[in-house]
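I'm opening a fresh notebook page for this one. Here goes, with the sequence and the fold side by side.

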Amino acid sequence: MQISSELLSDVVLHFYIHCQVNTLDCSALEYRIMREYKLVVLGSGGVGKSALTVQFVQGIFVEKYDPTIEDSYRKQVEIDQHQCILEILDTAGTEQFTAMRDLYMKNGQGFVLVYSITSQGTFNDLADLRDQILRVKDTEDVPMVLVGNKCDLEDERVVGKDQGQQLARQLGIHTFLESSAKMKTNVTTIFEDLVRQINKKSPEVKKKRHGRRCTIL
């Protein structure tokens with residue numbers, strides 16, 4: 001049986017490609033699964049935790065919000081050229097829900113501690129909140145950001161920026177920011193900084209596939 005030169009060429013070409021590609025060892029190819037981060041927003045009632053979270057996740061400012069029991073949000077973002085998923089838990093600020101906090105703190109990887117610059121009481125509450133986090137996590141090394149919210153209400157300020165900076169140093173919190181959910185001031189920075197702290201504490205491990213070769217048939 002005669003084989004045409006065209007068919008023979010196709011067979012030879014296919015065999016060549018098969019041999020060449022089969023030599024590629026795919027075990028050395030790294031693949032990345034999108035990393036997820038569990039972030040928890042904590043603070044007294046009325047400090048704007050929900051407003052900050054909704055502004056970050058949905059890009060809208062919610063001026064009036066029902067007292068939160070618990071709301072969870074997911075958002076895909078790019079931080080330092082890596083795509084990731086943030087799972088953000090917006091927690092209750094009222095005392096009647098404090099029994100739920102241990103569970104939030106146990107599962108959370110990073111924490112946003114929020115007070116209002118218009119309320120001295122909300123500022124004073126944060127030291128105990130931070131101590132509770134360290135107790136539940138049983139470590140001193142916990143990623144946190146201290147946030148003085150509602151910085152657009154300068155005329156109503158009762159907590160100075162220097163007081164916030166001093167509290168952050170006192171509590172061993174590396175990042176202090178003043179924010180405004182209404183004006184979008186530092187809203188994104190809060191969550192990006194927290195992710196970077198988590199990455200520094202627990203670097204991502206790249207995974208590899210093993211024992212497979214790529215073959216074109």
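Before I start: I call a residue buried when its relative accessible area is under 20%.

**Entry 1, confidence.** This is a predicted model, so I looked up the confidence before anything else. The chain averages a pLDDT of 83, and 74% of the residues score at least 70. Two stretches I'm reading with care: over residues 15–31 the pLDDT stays under 50, and residues 209–217 stay under 50 as well. The model still gives residues 15–31 33 contacts beyond four places in sequence; for residues 209–217 I noted 27 of that kind.

**Entry 2, aromatic pairs.** How many aromatic pairs turn up in a search of the whole structure? I got 2.

F56 and F191 make a stacked pair, because their planes are at 20 degrees, with the ring centres 4.4 Å apart; the cut-off for stacked is under 30 degrees. This pair links distant parts of the chain: F56 belongs to helix 2 (residues 49–58) and F191 to helix 7 (residues 187–201), with their positions 135 residues apart. Are F56 and F191 buried or exposed? Both F56 and F191 came out buried.

Then I went to Y115 and F123, which form an edge-to-face pair. I jotted down 4.9 Å centre to centre and 80 degrees between the planes. Y115 is buried, and F123 is too.

**Entry 3, back to F56.** I checked what else sits at this ring. The charged end of K75 lies over the ring of F56, 5.7 Å from the ring's centre. My note for F56 now reads: stacked with F191, buried, and with the charge of K75 over its ring.

Conventions
Residues numbered from 1 in each chain as written. Predicted model: local features only at pLDDT ≥ 70, side-chain atom pairs only at ≥ 80, totals over all residues. Heavy atoms only, no water. pLDDT = per-residue confidence, 0-100. Contact = heavy atoms within 4.5 Å. Phe/Tyr/Trp six-rings, centres within 6.5 Å; stacked < 30°, edge-to-face > 60°. Helix = DSSP H or I, 4+ residues; strand = E, 2+ residues; numbered from the N terminus. Buried < 20%, exposed > 50% of the residue type's maximum accessible area, 1.4 Å probe, protein only. Lys NZ or Arg CZ within 6 Å of the ring centre and 35° of its normal.
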